[in-house]
Amino acid sequence: MYRFSNTVIGFLNLFTLLASIPIIGAGLWMARSSTTCENFLQTPLLVIGFVVLVVSLAGFIGACFHVACALWLYLVVMLFLIAALMGLTIFGFGVTSKGGGVEVPGRVYKEYHLQDYSPWLRKRIQDPRYWNTIRGCILGSKTCEKLASWTPLDYMQRDMSPIQSGCCKPPTACTYNVATMMMTQDPDCYRWNNAPNLLCYECDSCKAGVLEDIRGNWHKLSVLTVTMLVLLIGIYSIGCCAFRNTRRAETDYPYGENRMTKVRPRWDYHCWRWLHDRREQLY
């Protein structure tokens, strides 16, 4: 087990060290792009890439070269990563537990309502700074242009994504003839505009469609985060064994039944050995 745990940690960290290079490269490439959506993801990618790079380098050096302080730093950072990932997973499940679409009679697609989502998500999406960024992202993706050629029959028979349902058309219940214009309708009915750069981008239904898209992606991501959490806990356990083995190699700590002595003497070993030999010569 002495050699095995150090070897496994060394290979695992070499793999993650190499894997961090394309993550950092993707973040730097996005930094040069002018697309709003890509810049929105730039910072998390760079942070993740550099953290993985530093942690993997510390773990690789500590396991392969028996550097106890590097392994100690590796285990401390790994513990924080596990705690952060566990907190993120629990928080993600909490804020995305609410939501979902409502069936529209005679339609394949669903419609979404902002009040159905968690207060934290509603507060974030209604912040003008975040919404302007997301709105620019939707405009840049040309999501609504795909519906420009649809016929009324297409709206009856074809499905839409949550963003298309909320941002590219008014709510299905809206009516715009003179006889019904004076009736009380959904506020989104009055926010709708036929201009391609306006449409229903300021509607609550558009914000709800974005939240539904985030909710779906977060649920998919939760599968990855749970898998990563289990993997990190396993690596952390092996890392603890490697750290213990490295400490045993540097001290007089007994190992097994044979009580192995230190492989590498402590810094003051030669000094005490010299003094002992001198005393033997004198007496």
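The unreviewed UniProt entry annotates residues 12–31, 43–65, 72–95 and 221–243 as "transmembrane region". In the predicted model examined here, two of these annotated segments, 72–95 and 221–243, were characterised in terms of secondary structure and end-to-end distance. Residues 72–95 are 100% helix and 0% strand, with 35 Å between the C-alpha atoms at the two ends. For residues 221–243 the helix content is likewise 100% and the strand content 0%, and the end C-alpha atoms are separated by 32 Å.

Four disulfides are present in the structure, among them the link between Cys167 and Cys206, with a sulfur-to-sulfur distance of 1.9 Å. This link is right-handed, with 90 degrees about the S-S bond. Because Cys167 belongs to helix α7 (residues 162–167) and Cys206 to helix α9 (residues 204–250), the pair ties together parts that are 39 residues apart in sequence. Cys167 is buried, at a relative accessible area of 0%, and Cys206 is also buried, at 0%.

A further disulfide connects Cys174 and Cys189, with the sulfur atoms 1.7 Å apart. Its torsion about the S-S bond is about -85 degrees, and the disulfide is therefore left-handed. Cys174 is located in the loop between α7 and α8 (187–191), whereas Cys189 is part of helix α8, so that this bond ties together parts 15 residues apart in sequence. The relative accessible area of Cys174 is 11%, which means that this residue counts as buried; Cys189, at 4% relative accessibility, is buried too.

The disulfide of Cys200 and Cys203 has a sulfur-to-sulfur distance of 1.8 Å. A torsion of about -90 degrees about the S-S bond makes this disulfide left-handed, and both Cys200 and Cys203 are buried. With regard to other cysteines, Cys69 is exposed, at 57% relative accessibility, while Cys240 is partly exposed, with a relative accessible area of 32%.

Aromatic contacts were examined next. A search of the whole structure yields three aromatic pairs. One of these is formed by Trp150 and Tyr155, whose ring centres are 5.3 Å apart and whose planes make an angle of 75 degrees, an edge-to-face arrangement. The assignment follows because planes over 60 degrees apart count as edge-to-face. Trp150 is buried, with a relative accessible area of 12%, whereas Tyr155 is partly exposed at 23% relative accessibility. In addition, Phe91, Trp120 and Trp218 form one aromatic cluster. Phe91 falls within the annotated segment 72–95, for which the chain is 100% helix. Trp131 is associated with a charged side chain: Lys207 lies over the face of its ring, at 4.8 Å from the ring centre.

The surroundings of Arg135 were also considered. This residue is placed in helix α5 (residues 128–141) and counts as buried, at 17% relative accessibility. Apart from residues up to four places away in sequence, Arg135 touches Asn197, Leu198, Tyr201 and Glu202. For Tyr201, which is 66 residues from Arg135 along the chain, the separation of the two C-alpha atoms is 6.8 Å.

Key: Residues numbered from 1 in each chain as written. Predicted model: local features only at pLDDT ≥ 70, side-chain atom pairs only at ≥ 80, totals over all residues. Heavy atoms only, no water. UniProt positions renumbered as here; feature names shortened; annotations may be inferred. Helix = DSSP H or I, 4+ residues; strand = E, 2+ residues; numbered from the N terminus. Phe/Tyr/Trp six-rings, centres within 6.5 Å; stacked < 30°, edge-to-face > 60°. Buried < 20%, exposed > 50% of the residue type's maximum accessible area, 1.4 Å probe, protein only. Lys NZ or Arg CZ within 6 Å of the ring centre and 35° of its normal. Contact = heavy atoms within 4.5 Å. Disulfide = S-S within 2.5 Å.
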